[in-house]
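This briefing introduces one strand, its neighbours and an enclosed space in the structure shown below. It is intended for a reader who is meeting the structure for the first time.

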Amino acid sequence: MRNFLKLMVCPKCKGESWTVKEINKQDKIVICNACKSWYICEEGILELLNDEINQSRKVIFFNKHEKKMRMWKVKYSKKNGEDEETKQKKAQMKFFNEFSSEYVLETQNFWRAYYSLFFDEVFPRIKKRSCILDVGCGTGLGSMPFLNKEYVVIGVDISKEMVKKATSRIPQGLRQRHYFFVADVENLPFKKELFDSAIGMGIMHHVHNVQKMADAVMKCLKKDGSYFGHENNKTVLRPLFDILMKICTLWHEEAGEEQLLSKEDLQKAFKRCKIKAKTHVFIPPHMLNYMKIRSAKKILKTTDKIASKIPGIRNNGGTIIFEAQKY
């Protein structure tokens, strides 16, 4: 914990010095020495969230360990009115906490085939021995190929239940190299220029402010580091997909302010970055869910290849896979 905190800054004041108070083997509090804000570490999972987002959790934790908390003279902020940003982030927390037990991106053959293609494209572009940030890590889906001795992975998500599931995937012998914890991706609590690469598996359309998230990620990437991501593409074909989803709903979303993103939107968000982008998925996901994963992947790959050669069509796939390289 103390070694990990050397990489961190306080989400509230950006202080870099910490004190760790141990309640028991699994539960601790982490105190910023600069502003005295304190953060939960329960069941081994750190929650570096500002009070306005995580206040209800802190009240429960405080009451559970009241004797020691009063001995250490720590307090929690009293609840004030919530602005729209706080409400939206708390709604995301609630949605994904409830969603974690059956994560659709891992149970549907369309998504399993799609992410196999995503990693075919992204994996060769991330160097071995890289330090990787998994932004909005969820259950660790974006981290799984890198949870070995060749990489160091740190993942963040606003949902504690998602982080618990991601943590359970780290092989016991590799828990010194990889760590998942709870944080707000629009206010990443990292020192500057720590990571070689970052991965975001469809996270930007969930956040309240895309620009703030992009700025936060770029701040903790090294020069020439890249963010690899995919998002819902802003395409003229989207209304057809929406109609199909009304007829046969495959999944539910708790989307943020910007549900669809084009290459131009990504370039605007990732200022001072070189953007490489390509759209994918030109057939309804509904069709692919009825196929075996190998067949679904083959059809996705073939239709992507054909569509990429047709002017007026090639930029209108359902998703956009991109790299934002910092310079």
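The model is predicted. Attention falls first on strand β5, which spans residues 131-135 and is mostly covered. The briefing then turns to the one cavity of 30 Å³ or more that a search of the whole structure finds.

**Burial and side-chain direction in β5**

- Five of the five residues of β5 are buried.
- In a regular strand, side chains alternate between the two faces of the sheet.
- In β5, Cys-131, Leu-133 and Val-135 point one way, while Ile-132 and Asp-134 point the other way.
- Residues pointing in either direction from β5 are buried, Asp-134 and Leu-133 among them.

**Strand partners of β5**

- Strand β6, residues 152-157, pairs with β5 in the parallel sense, and five bridges link the two.
- Within this pairing, Val-153 of β6 stands opposite Ile-132.
- Strand β8, residues 195-201, also runs parallel to β5 and is joined to it by four bridges.
- Here Gly-200 of β8 is the residue opposite Val-135.

**The cavity**

- Rolling a probe the size of a water molecule over the atoms shows where empty space is left.
- The largest cavity has a volume of about 50 Å³.
- Its lining includes Asp-134, which is also one of the buried residues of β5.
- The other lining residues are Tyr-103, Leu-105, Gly-136, Cys-137, Gly-138, Leu-141, Gly-142 and Met-201.
- By class, five residues of the lining are nonpolar, three are polar and one is charged.

Technical notes: Residues numbered from 1 in each chain as written. Predicted model: local features only at pLDDT ≥ 70, side-chain atom pairs only at ≥ 80, totals over all residues. Heavy atoms only, no water. Buried < 20%, exposed > 50% of the residue type's maximum accessible area, 1.4 Å probe, protein only. Pairing = 2+ DSSP bridges. 1 Å grid on protein atoms, 1.4 Å probe; cavity = no way out; pocket = protein on both sides within 12 Å on 5 of 7 lines; lining within 4 Å. Points joined across faces, edges and corners; volume = space filled by probe spheres on them. Nonpolar A, V, L, I, M, F, W, Y, C, P; charged D, E, K, R; others polar.
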